[in-house]
Protein chains: 2
Amino acid sequence: MAKGIHHVGLAVNSVDEVASFLEEIFEAKLTDYQMETPEFFSRMVQVGQGLFELLEPRGENGLIERFLKANGEGIHHVSILIDDLDKMIEICEKKGMRVLGRRFIHPKSAHGVLIELVPANELQRG
Amino acid sequence: MAKGIHHVGLAVNSVDEVASFLEEIFEAKLTDYQMETPEFFSRMVQVGQGLFELLEPRGENGLIERFLKANGEGIHHVSILIDDLDKMIEICEKKGMRVLGRRFIHPKSAHGVLIELVPANELQRG
(Lines give C-alpha, C1' and ligand atoms only; values in the text may rest on other atoms or scores of the structure.)
Protein backbone atom coordinates (compact mmCIF):
# COMPACT_ATOMS: atom_id res chain seq x y z
CA MET A 1 0.00 0.00 0.00
CA ALA A 2 1.19 3.50 -0.81
CA LYS A 3 2.08 5.83 2.04
CA GLY A 4 2.52 9.03 0.05
CA ILE A 5 4.77 11.01 -2.25
CA HIS A 6 8.35 10.62 -1.11
CA HIS A 7 9.96 13.11 -3.48
CA VAL A 8 9.81 14.73 -6.91
CA GLY A 9 12.88 14.19 -9.08
CA LEU A 10 14.13 17.05 -11.25
CA ALA A 11 16.60 16.70 -14.11
CA VAL A 12 18.91 19.71 -13.89
CA ASN A 13 22.06 20.98 -15.55
CA SER A 14 23.61 21.85 -12.21
CA VAL A 15 22.63 20.59 -8.76
CA ASP A 16 24.32 23.59 -7.14
CA GLU A 17 22.46 26.10 -9.26
CA VAL A 18 19.01 24.60 -8.67
CA ALA A 19 19.70 24.03 -4.97
CA SER A 20 20.55 27.75 -4.67
CA PHE A 21 17.45 28.70 -6.63
CA LEU A 22 15.20 26.63 -4.35
CA GLU A 23 16.93 28.04 -1.29
CA GLU A 24 16.41 31.63 -2.42
CA ILE A 25 12.76 31.17 -3.31
CA PHE A 26 11.55 28.53 -0.84
CA GLU A 27 14.24 28.49 1.86
CA ALA A 28 15.05 24.94 0.77
CA LYS A 29 17.86 23.08 2.54
CA LEU A 30 20.20 20.45 1.16
CA THR A 31 19.97 17.17 3.04
CA ASP A 32 22.88 14.81 3.67
CA TYR A 33 21.63 12.40 1.02
CA GLN A 34 23.64 12.22 -2.17
CA MET A 35 24.26 9.61 -4.80
CA GLU A 36 26.98 9.38 -7.43
CA THR A 37 26.51 6.90 -10.27
CA PRO A 38 28.06 6.61 -13.74
CA GLU A 39 24.93 8.27 -15.19
CA PHE A 40 24.03 10.95 -12.66
CA PHE A 41 24.90 12.73 -9.47
CA SER A 42 21.99 13.53 -7.20
CA ARG A 43 21.27 15.44 -4.04
CA MET A 44 18.06 15.67 -2.06
CA VAL A 45 16.74 19.09 -1.12
CA GLN A 46 14.08 19.71 1.51
CA VAL A 47 11.36 22.27 0.80
CA GLY A 48 9.32 22.51 3.97
CA GLN A 49 8.25 18.91 4.59
CA GLY A 50 8.67 18.05 0.92
CA LEU A 51 11.68 16.61 -0.91
CA PHE A 52 13.11 17.24 -4.36
CA GLU A 53 15.85 15.07 -5.80
CA LEU A 54 18.11 17.07 -8.11
CA LEU A 55 19.70 14.90 -10.79
CA GLU A 56 22.71 16.20 -12.70
CA PRO A 57 24.13 14.28 -15.65
CA ARG A 58 27.30 12.19 -15.49
CA GLY A 59 29.06 10.19 -18.18
CA GLU A 60 28.56 10.11 -21.91
CA ASN A 61 24.95 9.96 -23.00
CA GLY A 62 23.75 8.78 -19.59
CA LEU A 63 20.06 8.71 -18.70
CA ILE A 64 19.87 12.24 -17.31
CA GLU A 65 21.89 13.69 -20.17
CA ARG A 66 19.51 12.00 -22.62
CA PHE A 67 16.52 13.37 -20.74
CA LEU A 68 17.97 16.89 -20.78
CA LYS A 69 18.73 16.66 -24.49
CA ALA A 70 15.19 15.54 -25.26
CA ASN A 71 13.27 17.74 -22.83
CA GLY A 72 15.54 20.31 -21.23
CA GLU A 73 15.46 20.77 -17.46
CA GLY A 74 12.24 19.74 -15.76
CA ILE A 75 10.40 17.16 -13.72
CA HIS A 76 11.92 13.72 -14.27
CA HIS A 77 10.02 11.39 -11.94
CA VAL A 78 7.82 11.14 -8.89
CA SER A 79 8.66 8.76 -6.07
CA ILE A 80 5.99 6.99 -4.11
CA LEU A 81 6.67 5.61 -0.67
CA ILE A 82 5.26 2.10 -0.32
CA ASP A 83 5.30 -0.47 2.44
CA ASP A 84 5.70 -3.70 0.48
CA LEU A 85 7.91 -3.67 -2.61
CA ASP A 86 7.48 -7.38 -3.43
CA LYS A 87 3.71 -7.07 -3.44
CA MET A 88 3.85 -3.88 -5.52
CA ILE A 89 6.09 -5.51 -8.14
CA GLU A 90 3.77 -8.51 -8.23
CA ILE A 91 0.71 -6.28 -8.82
CA CYS A 92 2.52 -4.38 -11.59
CA GLU A 93 3.79 -7.51 -13.31
CA LYS A 94 0.40 -9.21 -13.17
CA LYS A 95 -0.96 -6.23 -15.08
CA GLY A 96 1.83 -6.54 -17.65
CA MET A 97 3.39 -3.24 -16.60
CA ARG A 98 7.05 -2.61 -17.27
CA VAL A 99 9.09 -2.34 -14.06
CA LEU A 100 12.76 -1.39 -14.36
CA GLY A 101 15.24 -2.81 -11.86
CA ARG A 102 12.53 -3.45 -9.23
CA ARG A 103 12.48 0.32 -8.74
CA PHE A 104 10.83 2.28 -11.54
CA ILE A 105 7.50 1.85 -13.31
CA HIS A 106 8.12 2.78 -16.94
CA PRO A 107 6.19 5.86 -18.13
CA LYS A 108 4.64 3.76 -20.91
CA SER A 109 2.96 1.68 -18.21
CA ALA A 110 1.91 4.65 -16.09
CA HIS A 111 0.27 7.30 -18.27
CA GLY A 112 3.53 9.01 -19.11
CA VAL A 113 4.79 9.26 -15.54
CA LEU A 114 8.07 7.70 -14.46
CA ILE A 115 7.22 6.39 -10.98
CA GLU A 116 9.94 5.40 -8.54
CA LEU A 117 8.94 2.93 -5.85
CA VAL A 118 10.61 3.71 -2.52
CA PRO A 119 10.09 0.98 0.10
CA ALA A 120 9.59 2.46 3.58
CA ASN A 121 12.01 -0.02 5.18
CA GLU A 122 14.81 1.38 3.00
CA LEU A 123 14.45 4.75 4.71
CA GLN A 124 14.40 3.18 8.15
CA ARG A 125 17.70 1.46 7.37
CA GLY A 126 19.22 4.82 6.42
CA MET B 1 8.12 30.16 3.62
CA ALA B 2 7.39 26.83 1.97
CA LYS B 3 5.63 24.16 3.98
CA GLY B 4 5.97 21.27 1.54
CA ILE B 5 4.74 19.67 -1.65
CA HIS B 6 0.97 19.99 -1.79
CA HIS B 7 0.36 17.89 -4.89
CA VAL B 8 1.74 16.76 -8.23
CA GLY B 9 -0.40 17.66 -11.25
CA LEU B 10 -0.72 15.15 -14.09
CA ALA B 11 -2.04 15.94 -17.56
CA VAL B 12 -4.22 13.00 -18.57
CA ASN B 13 -6.54 12.03 -21.39
CA SER B 14 -9.14 10.74 -18.96
CA VAL B 15 -9.46 11.50 -15.25
CA ASP B 16 -11.55 8.36 -14.74
CA GLU B 17 -9.01 6.11 -16.41
CA VAL B 18 -6.01 7.42 -14.45
CA ALA B 19 -7.96 7.51 -11.17
CA SER B 20 -8.78 3.81 -11.71
CA PHE B 21 -5.15 3.05 -12.57
CA LEU B 22 -3.90 4.75 -9.39
CA GLU B 23 -6.57 2.97 -7.35
CA GLU B 24 -5.60 -0.45 -8.71
CA ILE B 25 -1.87 0.05 -8.19
CA PHE B 26 -1.67 2.29 -5.12
CA GLU B 27 -5.13 2.04 -3.54
CA ALA B 28 -5.60 5.72 -4.36
CA LYS B 29 -8.89 7.39 -3.45
CA LEU B 30 -10.68 10.24 -5.19
CA THR B 31 -11.19 13.23 -2.91
CA ASP B 32 -14.21 15.55 -3.03
CA TYR B 33 -12.16 18.28 -4.73
CA GLN B 34 -12.94 18.92 -8.36
CA MET B 35 -12.67 21.89 -10.66
CA GLU B 36 -14.29 22.53 -14.02
CA THR B 37 -12.91 25.37 -16.17
CA PRO B 38 -13.16 26.16 -19.89
CA GLU B 39 -9.68 24.63 -20.35
CA PHE B 40 -9.64 21.61 -18.05
CA PHE B 41 -11.55 19.44 -15.65
CA SER B 42 -9.59 18.28 -12.62
CA ARG B 43 -9.98 15.95 -9.70
CA MET B 44 -7.67 15.37 -6.77
CA VAL B 45 -6.67 11.81 -5.89
CA GLN B 46 -5.09 10.79 -2.62
CA VAL B 47 -2.22 8.26 -2.67
CA GLY B 48 -1.43 7.54 0.97
CA GLN B 49 -0.73 11.00 2.40
CA GLY B 50 0.14 12.39 -1.04
CA LEU B 51 -2.08 14.11 -3.58
CA PHE B 52 -2.19 13.99 -7.37
CA GLU B 53 -4.30 16.41 -9.37
CA LEU B 54 -5.55 14.78 -12.58
CA LEU B 55 -6.15 17.35 -15.33
CA GLU B 56 -8.27 16.39 -18.32
CA PRO B 57 -8.61 18.73 -21.29
CA ARG B 58 -11.70 20.84 -21.98
CA GLY B 59 -12.45 23.23 -24.82
CA GLU B 60 -10.65 23.80 -28.11
CA ASN B 61 -6.90 24.01 -27.81
CA GLY B 62 -7.00 24.71 -24.08
CA LEU B 63 -3.87 24.56 -21.95
CA ILE B 64 -4.09 20.87 -21.06
CA GLU B 65 -4.94 19.88 -24.63
CA ARG B 66 -1.91 21.83 -25.85
CA PHE B 67 0.28 20.14 -23.23
CA LEU B 68 -0.99 16.69 -24.26
CA LYS B 69 -0.39 17.44 -27.94
CA ALA B 70 3.16 18.57 -27.24
CA ASN B 71 4.15 16.00 -24.61
CA GLY B 72 1.53 13.31 -24.27
CA GLU B 73 0.30 12.33 -20.82
CA GLY B 74 2.69 13.04 -17.97
CA ILE B 75 3.63 15.28 -15.08
CA HIS B 76 2.32 18.80 -15.65
CA HIS B 77 3.23 20.75 -12.51
CA VAL B 78 4.20 20.52 -8.88
CA SER B 79 2.36 22.52 -6.23
CA ILE B 80 4.14 23.93 -3.23
CA LEU B 81 2.26 24.85 -0.10
CA ILE B 82 3.37 28.24 1.21
CA ASP B 83 2.29 30.41 4.10
CA ASP B 84 2.55 33.90 2.58
CA LEU B 85 1.55 34.33 -1.06
CA ASP B 86 2.15 38.11 -1.18
CA LYS B 87 5.69 37.70 0.10
CA MET B 88 6.38 34.84 -2.31
CA ILE B 89 5.14 36.86 -5.30
CA GLU B 90 7.28 39.79 -4.17
CA ILE B 91 10.41 37.59 -3.94
CA CYS B 92 9.74 36.13 -7.39
CA GLU B 93 9.07 39.49 -9.02
CA LYS B 94 12.16 41.08 -7.48
CA LYS B 95 14.16 38.33 -9.16
CA GLY B 96 12.46 39.07 -12.49
CA MET B 97 10.71 35.71 -12.50
CA ARG B 98 7.54 35.27 -14.49
CA VAL B 99 4.51 34.61 -12.28
CA LEU B 100 1.20 33.78 -13.97
CA GLY B 101 -2.03 34.93 -12.32
CA ARG B 102 -0.44 35.14 -8.86
CA ARG B 103 -0.48 31.35 -8.89
CA PHE B 104 2.10 29.74 -11.17
CA ILE B 105 5.82 30.31 -11.59
CA HIS B 106 6.54 29.90 -15.31
CA PRO B 107 8.85 26.98 -16.13
CA LYS B 108 11.21 29.39 -17.90
CA SER B 109 11.79 31.04 -14.51
CA ALA B 110 12.11 27.78 -12.59
CA HIS B 111 14.48 25.41 -14.39
CA GLY B 112 11.76 23.91 -16.55
CA VAL B 113 9.33 23.21 -13.72
CA LEU B 114 5.84 24.70 -13.66
CA ILE B 115 5.39 25.49 -9.96
CA GLU B 116 1.96 26.21 -8.51
CA LEU B 117 1.90 28.25 -5.33
CA VAL B 118 -0.82 27.09 -2.93
CA PRO B 119 -1.32 29.41 0.04
CA ALA B 120 -2.05 27.47 3.23
CA ASN B 121 -4.93 29.77 4.20
CA GLU B 122 -6.75 28.76 1.02
CA LEU B 123 -6.94 25.18 2.28
CA GLN B 124 -8.14 26.27 5.71
CA ARG B 125 -11.01 28.16 4.04
CA GLY B 126 -12.04 25.04 2.09
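How many residues of chain A are in contact with chain B, and how many of chain B with chain A? The count is 40 on each side: 40 residues of chain A touch 40 residues of chain B. Keep in mind as you look around that this is a predicted model.

Let's start inside chain A, with strand β3, which runs over residues 40–47. Is this strand mostly covered or mostly open? It's mostly covered, with seven of its eight residues buried. To count as buried here, a residue has to have under 20% relative accessible area.

Now look at what lies on either side of β3(A) in the pairing. One partner is strand β2 of chain A, residues 29–36, which pairs with β3(A) in the antiparallel sense over five bridges. To get from β2(A) to β3(A), the chain goes through a hairpin of three residues. If you want a spot to check the pairing by eye, find L30(A), which stands opposite V45(A) in β3(A).

Stay on V45(A) for a moment, since it also stands opposite F52(A) in β4(A). Strand β4 of chain A covers residues 50–57 and is antiparallel to β3(A), with eight bridges between the two. Here the hairpin has two residues between the strands, and G48(A), sitting in the turn, has a positive phi of about 60 degrees.

Next, step back and take in both chains. You can lay chain A on chain B with a turn of 180 degrees and a shift of 0.0 Å along the axis, and the RMSD is 0.0 Å. That is how a two-fold axis relates two copies. Which residue of chain A comes closest to that rotation axis? It's I75(A), whose C-alpha is at 3.6 Å.

So how do the copies meet? They use the same surface, because 100% of the interface residues of chain A are also interface residues in chain B. People often express the size of an interface as the accessible area that is lost when the parts come together. For chain A and chain B, the buried area is about 3,200 Å², with 75% of it on carbon and sulfur atoms.

There are polar links across the interface too. Six residue pairs are in polar contact between the two chains, and the rule finds two salt bridges. One of the salt bridges joins K95(A) to E24(B), whose closest N and O atoms are 2.8 Å apart. On the side of chain A that touches chain B, at least two residues each come from β1 (2–11), α1 (15–26), β4, β5 (74–82), α3 (85–94) and β8 (115–119). You've already met β4(A) on that list, as the antiparallel partner of β3(A).

Methods:
Residues numbered from 1 in each chain as written. Chains lettered and ligands numbered in written order. Predicted model: local features only at pLDDT ≥ 70, side-chain atom pairs only at ≥ 80, totals over all residues. Heavy atoms only, no water. Buried < 20%, exposed > 50% of the residue type's maximum accessible area, 1.4 Å probe, protein only. Helix = DSSP H or I, 4+ residues; strand = E, 2+ residues; numbered from the N terminus. Pairing = 2+ DSSP bridges. Least-squares fit on C-alpha atoms with pLDDT ≥ 70 in both. Contact = heavy atoms within 4.5 Å. Buried area = accessible area lost by both parts, 1.4 Å probe. Salt bridge = Lys/Arg side-chain N within 4 Å of Asp/Glu carboxyl O. Polar contact = N/O pair within 3.5 Å; in protein donor to acceptor, adjacent residues only side chain to side chain.
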